[in-house]
Amino acid sequence: MFGLVAAVFVFATLAAGVGTIGLVWYLDRHRGSAGANWFIATLTAQVLVTLSYAVAMLVSQPTARAYLEALTWSGLAWMGPLFMGFALEYTGRERFVHTYGFGLILLVPTVTTALALTHPYHGLLWQGFELLSPFGLSGALYTIQPWGYLAVAVTFAAAAVGVLLLVETTLAYGTLYRREAAAIALSTVFPAIGIVTWVLRIGPYPELNLTPALLLPHSILDAYAFVGTHMFETNPTTQRAAERSALDDLEDPLFAVDTEQQVVNLNDRAETLFGVTDDDLLPVPVETLVGTSLDVMREVGEITVGGPDSRIFAVSYTELTDTHDTVVGGLVVLYDVTAERQQKQQLTVLNRVLRHNMRNEMTVIKGHANLIRDEIDDERLELPAEAIIDSSESLLSIAEKAQDFDRLRRRDPQVVEVDAVDLLADIRAELLDGFPDATIDLDVREDTQMQTDPGLLTVALSNLVENALDHGDESYASVSISQTQDGRAECVVADRNDRINEAELAPIRAGDETQLEHGSSIGLWIVTWSVTAMNADIDFDYDDGNVVTITLPDQR
């Protein structure tokens, strides 16, 4: 019977060591993940405990047996502090790992290892080393010294702190990490029982240390936590970083993803949007939840969610980092832009109708009005015909201006070197075709060059000059271009007209139009839009006439 007990005891200890080696091999793929390196180190210490003690039970030579006992002591001394380091980093508290306090904790197993390996020269760790043979095994009985009790107390307390951190994780983050953390916490119960019975000499065979054998159920539970679940595929560091970003404070749907692009948490709005009814389903790949990958979402910048009543969402992605600025995941916020996209579509259709249909219809109206004016002899009808022609030409001019600006807006900005003299000469020649009696003075040096979009600048200046010629009695305008001291180019259009009505300028300065306050000139709006597209500034002033200044960006 004693032979069977010995065989089972040795087998359990060896199995714990071999199983732990296998777990270390499996977890090597997660090296670098939060807490992974610390846990691999913990398992390495566990391997040292189990294999050294398994061999020790079969060795009866006193010196060799004492050194094997020293290796067991070293492994036990390191297991608790290393496990605590794992728990700190895994739960997002890695900043404590780099404190002096944690350094002092690591100092204890360091000194213990040194004392264990140099035991023949002192009695600081144990005294009275005696070999006994329970069940035919090689057991050791000795008196543990104060430093030995300190080492055991520190490794026990450190492991307990690690367990408490994991339990706190289950309470803080619900079901997502519950199985993993519960398995890890439960696994520490078995070696804890072994350490207590060994140190306090409880039981009929105090010369045997049960801790290495009890590491077998410990390693089985570890294997469940790390192989059977997602312990290192995702971790609470992503959650904690998400908390710092106020995960549940926003009204928009949002979710947190880890470095493997798995959704690890989402707020109530996201749960409703994606139909998540059970947090046990987490973590889940982004593509499974949303229907597209995170990379595509970030590249496109939008996603459509739903069927017939689908909604369009703009995608905002923010990296989540730990206290050492290491990226641990990301936060995805979805902004509902359905109304804006529908409005944009409606405006596009309306713009197309106005640009094409209105222009075609007004051309027909103008043609018939000309025909009526030329064919009738009644002066009373000539005036209405002229009014129809003038209004038609005005509307056609508006349509052409809008079409010219829309064509420029749709293309990419084309910033090139522009000869100011040639540009202004072309503008004057074109406007004099419509205003043959107008005076347009130009003031620009022959060698003035500008870096800008010539199309947008031409539209802006042409509309300003045309506005000056069209609304004044003298049909006069001047255009000057000069360089400022800070390297910017100023284009100034001046006239001798009355001040532009504030009702025209107020909505332009505010950047919006309302029903109660609106401008009547689309030309000024096109000027403003063109200036904005050039990243330039515009200023309206009055000095015996209107003075409009467009200041282009730095030319240097």
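1. Five bridges connect strand β13 (residues 489-494) with strand β15 (residues 546-551), and the two run antiparallel; here two strands count as paired if DSSP finds at least two bridges between them. Helices (H or I, at least four residues) and strands (E, at least two) are DSSP runs, numbered from the N terminus. Along this pairing, V492 stands opposite T549 in β15, and A494 has V547 of β15 as its bridge partner.

2. Before going further, note that this is a predicted model, in which local features need pLDDT of at least 70 and side-chain atom pairs count only at pLDDT 80 or more, while totals for chains, interfaces and linings use all residues. Residues are numbered from 1 along each chain as its sequence is written, and side-chain values use heavy atoms, with hydrogens and water left out.

3. On its other pairing, β13 joins β12 in the antiparallel sense over 6 bridges, one of the partnerships being that of I481 with C491 in β13. The two strands β12 and β13 make a hairpin with 5 residues between them, and G487 in the turn has a positive phi of about 85 degrees.

4. These pairings belong to an open sheet of 5 strands in the order β10-β12-β13-β15-β14, with mixed pairing. Its edge strands, each pairing on one side only, are β10 (439-443) and β14 (537-542). From one strand to the next the twist averages 15 degrees.

5. Helix α16 (residues 454-470) packs on the sheet and touches β10, β12 (476-483), β13 and β15, and its direction makes about 145 degrees with that of β12. Contact means heavy atoms within 4.5 Å, and angles run from 0 to 180 degrees between the N-to-C directions of axes fitted to C-alpha atoms, for helices over the stretch in contact.

6. Strand β13 is largely enclosed by the rest of the structure, because 5 of its 6 residues are buried. Buried means under 20% relative accessible area, exposed over 50%, and partly exposed in between (1.4 Å probe, protein chains only).

7. Elsewhere, V163 lies in helix α5 (residues 146-173) and counts as buried because its relative accessibility is 16%. Leaving aside neighbours within four places in sequence, V163 is in contact with F83, A185 and T188. V163 and A182 are 19 residues apart in sequence and 9.0 Å apart in space, C-alpha to C-alpha.

8. By contrast, L200, found in the loop between α7 (189-199) and α8 (211-228), counts as exposed because its relative accessibility is 55%.
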